[in-house]
Amino acid sequence: MRLGILGSGKGSNLGAILRAIQAGELDATVVVAISDVPGAGILDLASDAGIPTHTLVEPRYKSRLSAEVEAELVSVLQAAEVDLVVLAGYMRVVKAPLLEAFPRRVINIHPSLLPDFRGREAWRQALEAGVEKTGCTVHYVDAGVDTGEILAQAEVPLIPGDTPESLHARIQAAEHHLYPSVIRQLAKENR
Ligand code: GRF
């Protein structure tokens, strides 16, 4: 299965996916990595692994994409013959052009047990709400924000003395297991 990765940050989930491929646990190839943030860590990580990268900057909007940039994104993914679009810390809402080009072929990882704590800094929201456990969710992407059909979840308990940083770090460790395992399942079904 040919993966196209979209991210805005450091790319630790891309790192986990690449390690799973390297270890022979995931039968997939990352064929392109795309970021909206010039110089994002995820681009360096991809380049170091020999993966072609693209930076598609959105000059007009903060959290969504203009029609032109989204069309460019679709054409880069199509040119790379991507089977599955994997959002890994991509801080933009994607819309119909991408979703229609890749029906049930766009997934995201979110740092909470959805439907709880949608949106930004979900780990901080969980800590402030005083819940006993939170976690992470892999879901299909639809036109809403963190609303698509859930594929899998992993729980992470809160522990006394947790800070936003300590909780986020434990959630990320759970993400690094969950995301490759969900992609492995989708790759099997894709065969
Ligand atoms: C992850 O915590 C993910 O849940 C959220 O963005 C973060 C991406 O981290 N959507 P990284 O860039 O993969 O390290």
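How many Å lie between a polar side-chain atom of His168 and an oxygen atom of the ligand? The distance is 3.3 Å. The legends below treat a predicted model.

**View 1. Polar contacts to the ligand.** Three residues are picked out here, Lys10, His168 and Gln172. Lys10 uses its backbone: an N or O atom there lies 3.4 Å from a ligand oxygen. His168 uses its side chain, with a polar atom 3.3 Å from an oxygen of the ligand. Gln172 also uses its side chain, where an N or O atom is 3.0 Å from a ligand oxygen. On its own, the ligand has 370 Å² of accessible area, and the protein covers 89% of this.

**View 2. The pocket and its elements.** The ligand takes up the space of the largest pocket. Which elements give two or more residues to the shell around the ligand? They are α1 (12–22), β5 (106–110) and α6 (164–190). Helix α6 gives the most, with three residues.

**View 3. The shell, residue by residue.** Around the ligand stand Gly9, Lys10, Gly11, Ser12 and Asn13, among others. Gly89 is also in the shell, and so are Ile109, His110 and Pro111. His168, Gln172 and Glu175 belong to the shell too. By class, eight shell residues are polar, two are nonpolar and two are charged.

**View 4. His110, a shell residue in a strand.** His110 is one of the residues around the ligand. Its place is in strand β5. Is His110 buried or exposed? His110 has a relative accessible area of 3%, so the residue counts as buried. The His110 side chain reaches the backbone oxygen of Phe117 at 2.8 Å.

**View 5. Ser112, in the loop after the strand.** Ser112 lies in the loop between β5 and α5 (122–129). Its relative accessibility is 0%, and therefore Ser112 is buried. What does the side chain of Ser112 reach at 2.6 Å? That partner is the backbone oxygen of Asp116.

**View 6. Ile150, at the start of a strand.** Ile150 sits in strand β7, which spans residues 150–157. The relative accessible area of Ile150 is 37%, so this residue is partly exposed. The cut-offs place partly exposed residues between under 20% for buried and over 50% for exposed. Ile150 and Asn108 are 42 residues apart in sequence. In space, their C-alpha atoms are 9.7 Å apart.

Terms used: Residues numbered from 1 in each chain as written. Predicted model: local features only at pLDDT ≥ 70, side-chain atom pairs only at ≥ 80, totals over all residues. Heavy atoms only, no water. Near = heavy atom within 4 Å. Polar contact = N/O pair within 3.5 Å; in protein donor to acceptor, adjacent residues only side chain to side chain. Areas by Shrake-Rupley, 256 points an atom, 1.4 Å probe, with all protein chains shown as cover. 1 Å grid on protein atoms, 1.4 Å probe; cavity = no way out; pocket = protein on both sides within 12 Å on 5 of 7 lines; lining within 4 Å. Sits in = over half its atoms within 2 Å of the grid points. Helix = DSSP H or I, 4+ residues; strand = E, 2+ residues; numbered from the N terminus. Nonpolar A, V, L, I, M, F, W, Y, C, P; charged D, E, K, R; others polar. Buried < 20%, exposed > 50% of the residue type's maximum accessible area, 1.4 Å probe, protein only.
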